[in-house]
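This report describes one protein structure, part by part. Please look at the sequence and the structure below before reading on.

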Amino acid sequence: MSPTMEIPKLSLLNDKHDHTFVVPIKRINEGHDVQRFLVSKAHHDIMVFVLQLNRAMFPRQLSGSDDPEVRWRTWEINSQTLPLSHAVRQLQGLLDHLNAIIDVVPPDPGPRRFGNVAFRRWYEVVEARLPSLLQDFLPERVLSFSQPSNVSVQAELQSYLLGALGSTQRLDYGTGHELAFLAFLGCIWKLGGFEVSSGGDEERAIVLGLIEPYLQLIRRLIKTYTLEPAGSHGVWGLDDHSFLPYLFGSAQYGPAISETDETPVEGSLVNAADPADVTRIAVVERERGRNMYFSAIGFIYDVKKGPFWEHSPMLYDISGVRSGWAKINKGMIKMYVAEVLAKFPVVQHFYFGSLFSWDEDPNAAPPPPSVHTSNQPSTSQPTNAASNTIPLPLRNVAHEGQRPANGPVSAPPKSFVGTAAPWAKQPRVQSPTTAFPSQTEQRNISQTPRLPPNFNPRPVATAQSGGEAATGMPPPTRAPWAKRPGS
């Protein structure tokens, strides 16, 4: 029998020793603090937990099955075959109570441009009830953890759960709040609140039994109180509110693996939905009840109108990937590192305590500036929009592919300030940052982003075609009633 592949897991605290809990505090105040965060123990633990949950969501090969037709096992949303531990069921009760409070705090009537202020009343009710709710629904092993300080375990965990529910000041919600809920679950894992199981059963229960219900709660909050996207990139972001469902949902459609296999980077499960199906509403409606990726796509259709390629161009670009769902999953991991954990607007509101610590990780590489961390806002001095050098990746925990030789390389043009989809090869100058695949990975990827249907670019003005100059740029747009020069 082949030995089970050892996958790093979030380490547990020793419950035989006292642990000093603290109330988490804000540490990321300026752009340069992000580089410090990238080498912190908190960053390391977040990535270990994400990769641990992600691997568990890949289908598993079955050996010795009574039915020769059944060669693998998958897990879907609301699956009746998914074993849920007592701790997961307890925390589901906590989410149910938060959901029920929405019913007693209706939104204020009347149209409004921004979020509904009734959300602040809902949040106040939750904040008042949360100490008793945590006492009732946190796993017993978490509550009984030895603590010599005056700060209780509930006080540290409450900060993350409240931070996962959106902002009452800005009436918005985004991936930073989603990150806080991931940290809340990570705290419970570290304190031994979840069962340690083989084969990823408990990790799957966390993703499908807690993260997906949490996302459903958040979507109801967004629709009920019209919460704004937090730090949205507009149509050029992956999603206005969430990231994790695309990560775990793409793993659900990945190829089946055994416990001894490495996490796949190409291929798809047989009979899985096609990535291009995100534009087919009938398929989205069918799959959104099974798969987290399509559940998130379905919510986009609930709240946005118009062509999909127009309001969600990055997701539309991803839908053209032909290397399978595992390829998309790999790109999502890289994008999460670059576009969530390395972006000041997202992580500035993450708080650090004793469980997700600001202390430096002794095994982390030094944090050289990068295209993602050098263009951060600062209150003390203006930020240079284009760094002179692009460094190597910080860590290899989620970075596969080729690494360049040591030493800086030339920076891309100033127009290159964001992160394109990791799976799309760009025709412009590329950097060796971790948000992009290597040259080997790019051979099977389209040379250009996927174009919308019936795409018809405007003709380019030239001197021969009547343009004022052969500049290669389209002619300026004039109002129909405007007179032409010289007329």
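## Tyr293 and the nonpolar core

Tyr293 is in contact with Pro245, Tyr246, Gly249, Ser250, Val278, Leu315, Ile318, Trp325, Ile328 and Met332, leaving aside its neighbours within four places in sequence. The model is a predicted one, and in it Tyr293 is among the residues with the most contacts inside the largest nonpolar core, together with Trp122 and Phe184. That core has 121 residues. Helix H8 supplies the largest share of the core, 13 residues.

In soluble globular proteins, nonpolar side chains tend to be buried together.

## The chain as a whole

The protein chain holds 16 helices and 8 strands. Of its 487 residues, 49% are buried. Among contacts with a separation of 6 or more, 73% join residues 24 or more positions apart.

## Helices H3 and H8

Helix H3 covers residues 86-104 and helix H8 covers residues 201-225; the two pack at an angle of about 5°, with their axes 10 Å apart. H3 is therefore roughly parallel to H8, since angles under 35 degrees count as roughly parallel.

On the H3 side, the contact is made by Val88, Leu91, Gln92, Leu95, Leu98, Asn99, Ile102 and Asp103. On the H8 side, the residues are Glu202, Ala205, Gly209, Leu210, Pro213, Tyr214, Leu217, Arg220, Leu221, Thr224 and Tyr225. Sorted by class, the contact of H3 with H8 has 12 nonpolar, 4 polar and 3 charged residues. An α-helix has 3.6 residues a turn, so residues three or four places apart point the same way.

## After H8: Thr226

Thr226 lies in the loop between H8 and strand E5 (228-229). Thr226 is not a glycine, yet has a positive phi of about 45°. With a relative accessible area of 38%, Thr226 is partly exposed.

## Two covered helices, H2 and H7

Helix H2 runs over residues 41-56. At 1.5 Å a residue, its 16 residues should span 22 Å, and the end C-alpha atoms are 23 Å apart, which agrees. Of the 16 residues of H2, 14 are buried, so the helix is largely enclosed by the rest of the structure.

Helix H7, residues 175-190, also has 16 residues, with an expected span of 22 Å at 1.5 Å a residue. The end C-alpha atoms of H7 are 22 Å apart, which agrees. H7 is mostly covered, with 15 of its 16 residues buried. Just after H7 comes Gly192, which takes a positive phi of about 80°.

## The loop between H9 and H10

Helix H9 (244-252) and helix H10 (281-287) are joined by a loop that includes Asn271. Ile257 also has its place in this loop, as does Ala272. Is Ile257 buried or exposed? Ile257 is buried, because its relative accessible area is 3%, and buried means under 20%. Leaving out residues up to four places away in sequence, Ile257 touches Arg55, Phe58, Pro59, Arg60, Gln61, Glu262 and Pro264. Ile257 and Pro59 are 198 residues apart in sequence, and 6.3 Å apart in space from C-alpha to C-alpha.

Asn271 is exposed, with a relative accessible area of 76%. Although not a glycine, Asn271 has a positive phi of about 70°. Ala272 counts as partly exposed, at 23% relative accessibility. Apart from neighbours within four places in sequence, Ala272 is in contact with Tyr253 and Trp325. In sequence, Ala272 and Trp325 are 53 residues apart; in space they are 8.9 Å apart, C-alpha to C-alpha. Trp325 is also one of the contacts of Tyr293.

## Asn329 in helix H14

Asn329 lies in helix H14, which covers residues 325-341. At 1% relative accessibility, Asn329 counts as buried. Which residues does Asn329 touch, not counting residues up to four places away in sequence? They are Asn54, Phe58, Leu247, Ser250 and Ala251.

Some of these names appear elsewhere in this report. Phe58 is also touched by Ile257, and Ser250 is also in contact with Tyr293.

Terms used. Residues numbered from 1 in each chain as written. Heavy atoms only, no water. Axes fitted to C-alpha atoms, helices over the stretch in contact; angles between N-to-C directions. Helix = DSSP H or I, 4+ residues; strand = E, 2+ residues; numbered from the N terminus. Parallel < 35°, antiparallel > 145°, perpendicular 65-115°, else oblique. Contact = heavy atoms within 4.5 Å. Nonpolar A, V, L, I, M, F, W, Y, C, P; charged D, E, K, R; others polar. Buried < 20%, exposed > 50% of the residue type's maximum accessible area, 1.4 Å probe, protein only. Core = buried A, V, L, I, M, F, W, Y, C linked by side-chain atoms within 4.5 Å. Expected span 1.5 Å × (residues − 1).
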